[in-house]
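Visitor: Got a minute to walk through this one with me? I'd like to start with a single residue and work outward.

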Amino acid sequence: MPVRNAPSAFSTTIRFIGSRLRHRLTGGGHVPHPDFQSRIEHALQSLGDAVQSCTWLDLRATPTPWQDTGISVAAGQAVTLIADGMIYASRALDIGFEARTGLWYRIDDAPMAKIVGNACTFYSARAGDLRITTKPPGEFAGRDGQFDPRYPRQRFAGALTVAVILWRCDPIDALQQAAQQEPTLFDAALARLQAPILPPQGWHYLWRLGQGEIFSPSPRHEGGVCCHTQADVGILQFPVDLPLTEETRVDWSWCVEQLPSKLPEHTEPTHDYLSLAVEFDNGLDLTWMWSVSLPTDTVFQCPLPWWDARETHWVVRSGTDQLGQWVNESRSVLADYQKAIGGDLPKRIVGIWLIANTVFQRAQGRCEYRDIQLHNGQRHPVVRVGIP
């Protein structure tokens with residue numbers, strides 16, 4: 001489907017290139033931690049027998065699907081990963097991703113998982129060998145970590161330096177000591193053990209993009225969801241099962257404080273955005289987004305590989321005048337589907353999604369959602385999302 005009511009992709013891309021060149025000339029871009037390896041090793045030396053080993057991995061942007069690290073992990077053993085560096089699609093334009101977006105791990109052939117942030121700890125569910133890979137989000141064929149052959153890997157540059165720390169005991173006390181010496185490197189790993197940022201009850205992250213800490217329960221509104229993202233991507237899902245009829249409506253309120261893009265979001269390198277979506281039983285989803293400048297009622301297919309065959313965007317808000325204000329939305333799901341997607345109609349709605357993408361320009365996005373409801377013609381909502 002062609003883009004409706006939007007500026008040309010060529011003009012937006014030219015503006016994007018200019019903005020990234022200015023970004024580089026003014027000192028933007030990833031700044032590596034100075035003396036990253038020596039500072040971590042120095043902090044670990046004071047922890048004695050708590051540390052079983054610290055292995056260093058230099059992960060290049062190669063097409064190797066999964067790298068066997070040679071590190072054996074016992075069942076239940078705690079493993080801390082601390083990473084630095086960037087994988088670049090374009091070093092000149094500073095387009096790339098950090099570990100938090102594309103560093104994945106698994107034990108033997110067990111289901112894969114993504115590092116949370118650039119430093120986190122996991123407890124191995126089984127004994128086996130640690131395998132690891134760098135990969136942009138969304139390019140897997142399944143939860144088992146197989147690469148999708150329809151999307152051959154691009155040639156990336158750069159590397160991630162990763163410390164793999166095996167612990168002999170629960171690592172909280174040891175991480176506290178390490179954080180006293182090197183807070184910049186260990187504070188985040190400690191905080192994710194002591195007070196992890198978890199999604200609200202009933203919600204879960206889409207496995208294809210991995211776990212994150214973008215979404216959290218609202219402290220002010222029952223069933224509300226807060227979103228804060230920077231240089232990351234995540235989709236939060238709430239499962240539902242509802243017939244799709246002419247009366248089906250989705251309602252929600254949101255307060256967007258900061259949009260993550262200053263450029264129109266309909267091209268791949270500018271596709272940083274915040275939105276709410278409905279997932280259908282035919283594998284497609286329709287997402288209503290707040291754009292910085294695309295006109296209201298602009299409709300376009302997602303510009304990203306794999307998603308371009310599954311996701312359609314509809315601009316319901318545009319501009320910055322209403323940032324920081326609560327605004328209400330109400331959409332006729334079937335009518336919007338027919339206008340935006342067409343073809344054979346799905347029979348059911350199977351999920352509500354909250355989407356936050358800030359991978360490309362690595363700016364911040366902030367918003368809050370509340371009163372997410374699905375209606376099917378009745379006076380009262382059929383589903384009040386996130387509320388028992």
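Visitor: Is Asp 251 buried or exposed?

Guide: Asp 251 is buried, with a relative accessible area of 13%. Keep in mind that this is a predicted model.

Visitor: Which side chain does Asp 251 meet in a salt bridge?

Guide: That would be Arg 249, with 3.0 Å from N to O. Arg 249 itself counts as partly exposed, at 29% relative accessibility.

Visitor: How many salt bridges does the structure hold?

Guide: There are 14 salt bridges. One of them joins the side chains of Glu 213 and Arg 192, at 2.6 Å from N to O. Glu 213 sits in the loop between strand E10 (204-205) and strand E11 (215-217) while Arg 192 belongs to helix H5, so this pair ties together parts that are 21 residues apart in sequence. As for exposure, Glu 213 is partly exposed, with a relative accessible area of 24%.

Visitor: And what does Arg 348 form a salt bridge with?

Guide: Arg 348 pairs with Asp 241, and their closest N and O atoms are 2.5 Å apart. Here Arg 348 is in strand E20 (residues 348-357) and Asp 241 in strand E13, so the bridge ties together parts that are 107 residues apart in sequence. Arg 348 counts as partly exposed at 30% relative accessibility, whereas Asp 241 counts as exposed at 55%.

Visitor: Which residues are linked in a network of salt bridges?

Guide: Arg 20, Asp 94 and Arg 362 are linked that way.

Visitor: Switching to helices. Which residues of H4 are buried?

Guide: In helix H4 (residues 172-181), the buried ones are Ala 174, Leu 175, Ala 178 and Ala 179. They cover an arc of only 135 degrees around the axis, which puts them on the same side of H4. On the other side of H4 you'll find Asp 173 and Gln 180, both exposed.

Visitor: What covers the buried residues of H4?

Guide: The cover includes two helices, H2 (36-45) and H5 (183-194). Strands E3 (78-90), E7 (119-123) and E9 (157-167) are also part of the cover over H4.

Visitor: OK, and H2? Which of its residues are buried?

Guide: Phe 36, Arg 39, Ile 40, Ala 43 and Leu 44 are buried in H2. Looking down the axis of H2, those residues fall within an arc of 130 degrees, so they line one face of the helix. His 42 and Gln 45 are exposed, on the face of H2 turned away from its buried side.

Visitor: What sits over the buried residues of H2?

Guide: The cover there includes strand E1 (51-60), along with E3, E9, H4 and H5. So H4 is listed in the cover of H2, and H2 in the cover of H4.

Visitor: New topic, surface stuff. Which residues make the nonpolar surface patch?

Guide: Phe 10, Ile 14, Ile 17 and Leu 21 make a patch of about 380 Å². Take Ile 17: this residue lies in helix H1 (residues 9-25) and counts as partly exposed, at 30% relative accessibility.

Visitor: Now the cysteines. How many disulfides does a search of the whole structure find?

Guide: The search finds 0 disulfides.

Visitor: Why is there no bond for Cys 54?

Guide: Because the closest cysteine sulfur, in Cys 120, is 15 Å from the sulfur of Cys 54, too far for a bond. Cys 255 is in no disulfide either, and the nearest cysteine sulfur, that of Cys 367, is 8.5 Å away. Cys 54 counts as partly exposed at 27% relative accessibility, while Cys 255 is buried, with a relative accessible area of 8%.

Visitor: Last thing, backbone oddities. Which residue has a positive phi of about 55 degrees although it is not a glycine?

Guide: Ala 231. Most residues other than glycine have a negative phi. Ala 231 lies in the loop between strand E12 (225-230) and strand E13 (233-243), and counts as buried at 7% relative accessibility.

Visitor: What about Asp 297, where does that one lie?

Guide: Asp 297 is in the loop between strand E16 (285-291) and strand E17 (299-301). Asp 297 has a positive phi too, of about 75 degrees, and counts as partly exposed, at 40% relative accessibility.

Definitions and conventions. Residues numbered from 1 in each chain as written. Predicted model: local features only at pLDDT ≥ 70, side-chain atom pairs only at ≥ 80, totals over all residues. Heavy atoms only, no water. Disulfide = S-S within 2.5 Å. Buried < 20%, exposed > 50% of the residue type's maximum accessible area, 1.4 Å probe, protein only. Patch = residues over 30% accessible without salt bridge, like charges linked within 9 Å, V, L, I, M, F, W, Y side chains within 5 Å. Areas by Shrake-Rupley, 256 points an atom, 1.4 Å probe, with all protein chains shown as cover. Salt bridge = Lys/Arg side-chain N within 4 Å of Asp/Glu carboxyl O. Helix = DSSP H or I, 4+ residues; strand = E, 2+ residues; numbered from the N terminus. Arc of directions from axis to C-beta. Contact = heavy atoms within 4.5 Å.
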